[in-house]
Amino acid sequence: MELSQFEGLFENLDLAKLRSCQKLINTAIQRLINCSISGGSYLSAKSNVRSIQDTIELHNNFIDKTERELLEPEILSLGFNMKSKSDKIQNKFISTLSEPYSWPSKNGPVINKPLDMNKFPCIKSIMGKVNGKLGCNMNSVLVSCYSHGAVNARLHQDDEDSLDPSQPICVLSTGATRKVEWVAVDKTSKHKADYTLEPADSSLYVMKAGCQEDFLHRVRRDKSIRNWRISLSFRCSVAPELPKDSTVTANHTTHVNTVTTPPPKATNSLNRPTSTPNLENAPQGFSPFYEHTTAVDNINSEIGGSTQNEKVCLLMGSSITKNVDGNMLSRKSKTVINLSESGAFIHDLVKIANEFYAENPCIVHRVDRIVINIGTNEIKWLNGKQVS
């Protein structure tokens, strides 16, 4: 096939399809590099494979003392619980664009609505410094809070379609020093790291373009660390191409890629409010979702019984249900999302439900079941008095 024919083909593809083609081409090149072709010339793996040292660089003391002091109140304004005992990472997304940033998880897509970059002048200034010194085009930042050493990030790649793969990802580290490790994608055993950094407070490490294709990275668990760490991961987000007369809710390679129209308005028969409800003031039996939900007496039989593929079931509770794998319960007709938290009380579950409703507008109208497990955190209290 002539090169001109390829060029004509690519001209007719939209942005999302071009990115998919780019990933396929990069994979094919990597296979050629890693495989020797018998009886002919081939690319030498030793001389052409991208090494981890070539894709990572560390800048110690990237921000000075004054910048660090100005950054502190902006981080605090994000409302992270620095003393949280949970082992989950807390995230906030700040961007110059209006699109949310999402990634897949075992309990469904995690959707981060953007905060206006203009409200964070110090973070915006540091992002400008990153762009100026490194010659890149960062326009957003994912701020992540590790409240203690047991909070860790598992091996992953930041390769969502909403990120520009030609741009680096630049991570500013503040607070406690944590180990960041990289492992080759094609490595059979991924327990031992191929490369490790321990970025100190105010340092910046850069994962250059191509790093996400060849390497996974993680933040190691270290229970001896008691202090928090905040990372500011600067990246280049891209606005999706919107199809005519449609609304794009998310665009991912591994999870739902949906184009939906707004959900139907709720009927007045249940006297539902038209605005986002506050569950704390809702009457018993009220559902904040678009479809009426009945009492859940036979949830196990209902999970796989629906013929409508878009339905979602929420599981809420404390440590008893926290480790339930939503994927194991999900069926073609229903997705199960586990929102349980260790030590959660009823008022915590109310807050979690409200936050889920506010942060997931693209899937909230699909919820037709909510399963709530009330554990010993609440049973030992009756009418406000401790009974056990």
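**Group meeting: helix 6, cores, charges and rings**

Hi everyone, let me open with one residue: Glu341 has a relative accessibility of 24% and counts as partly exposed. Here buried means under 20% relative accessible area, exposed means over 50%, and partly exposed is in between, using a 1.4 Å probe and protein chains only. Please keep in mind that this is a predicted model, where local features need pLDDT of at least 70 and side-chain atom pairs count only at pLDDT 80 or more, while totals for chains, interfaces and linings use all residues. Residues are numbered from 1 along each chain as its sequence is written, and side-chain values use heavy atoms, leaving out hydrogens and water.

So, which residue does Glu341 form a salt bridge with? The partner is Lys88, and the closest N and O atoms are 3.6 Å apart. Glu341 sits in the loop between strand 17 (334–338) and helix 11 (346–359), and Lys88 in the loop between helix 5 and strand 2, so this pair ties together parts that are 253 residues apart in sequence. When I say helix or strand, I mean a DSSP run, H or I of at least four residues for helices and E of at least two for strands, numbered from the N terminus. Lys88 is partly exposed as well, with a relative accessible area of 35%.

Let's stay with charges for a moment. Side chains of opposite charge can pair when their charged atoms come close. The cut-off for a salt bridge is a side-chain nitrogen of Lys or Arg within 4 Å of a carboxyl oxygen of Asp or Glu, and searching the whole structure turns up 10 salt bridges. In one of them, the side chains of Arg220 and Glu181 meet at 2.9 Å, N to O. Arg220 is in the loop between strand 12 (215–219) and strand 13, and Glu181 is in strand 9 (residues 180–184), so the pair joins parts that are 39 residues apart in sequence. Is each partner buried or exposed? Arg220 counts as partly exposed at 28% relative accessibility, whereas Glu181 is buried, with a relative accessible area of 8%.

Lys187 and Asp194 also form a salt bridge, their closest N and O atoms being 2.9 Å apart. Here Lys187 is partly exposed at 25%, and Asp194 is partly exposed at 33%. Salt bridges also link Arg68, Glu72 and Asp201 in a network.

Now to helix 6. This helix covers residues 121–134, 14 of them, and spans 20 Å from first to last C-alpha, close to the 20 Å expected at 1.5 Å a residue; the expected span is 1.5 Å times one less than the number of residues. Which of its residues are buried? They are Cys122, Ile123, Ile126, Met127, Val130 and Asn131. An α-helix has 3.6 residues a turn, so residues three or four places apart point the same way. The buried residues of helix 6 pack against several elements, including helix 5 (65–76), strand 2 (90–95) and strand 13 (229–235). Right after the helix comes Gly135, with a positive phi near 65°.

That takes us to the nonpolar cores, meaning sets of buried Ala, Val, Leu, Ile, Met, Phe, Trp, Tyr and Cys residues joined through side-chain atoms within 4.5 Å. The largest core has 28 residues, and Leu71, Ile123, Leu232 and Phe234 touch the most other members. Helix 6 gives the largest share of this core, five residues. Phe234, leaving aside residues up to four places away in sequence, has contacts that include Ile123, Ile126, Met127 and Val130, where contact means heavy atoms within 4.5 Å. Apart from that core lies another, of 21 residues, among them Ala153, Ile169, Leu197 and Val219.

Last topic, aromatics. Rings of Phe, Tyr and Trp (its six-membered ring) pair if their centres lie within 6.5 Å, with planes under 30 degrees apart counted as stacked, over 60 as edge-to-face and the rest as tilted. There are four aromatic pairs in the whole structure. Trp182 and Tyr195 have ring centres 6.0 Å apart and planes at 50°, so that pair is tilted. Trp182 is buried, at 0%. Trp182 also pairs with Tyr205, with centres 5.7 Å apart and planes at 90°, so this one is edge-to-face. Tyr205 is buried too, at 4%. Ring pairs also link Phe93, Tyr101 and Trp103 into a cluster.

And back to helix 6 to finish: Lys129 lies over the face of Phe62, 5.2 Å from the ring centre, and the charged end of Lys133 sits over the ring of Phe62 at 5.7 Å from its centre. The cut-offs there are NZ of Lys or CZ of Arg within 6 Å of the ring centre and within 35 degrees of the ring normal. Thanks, everyone!
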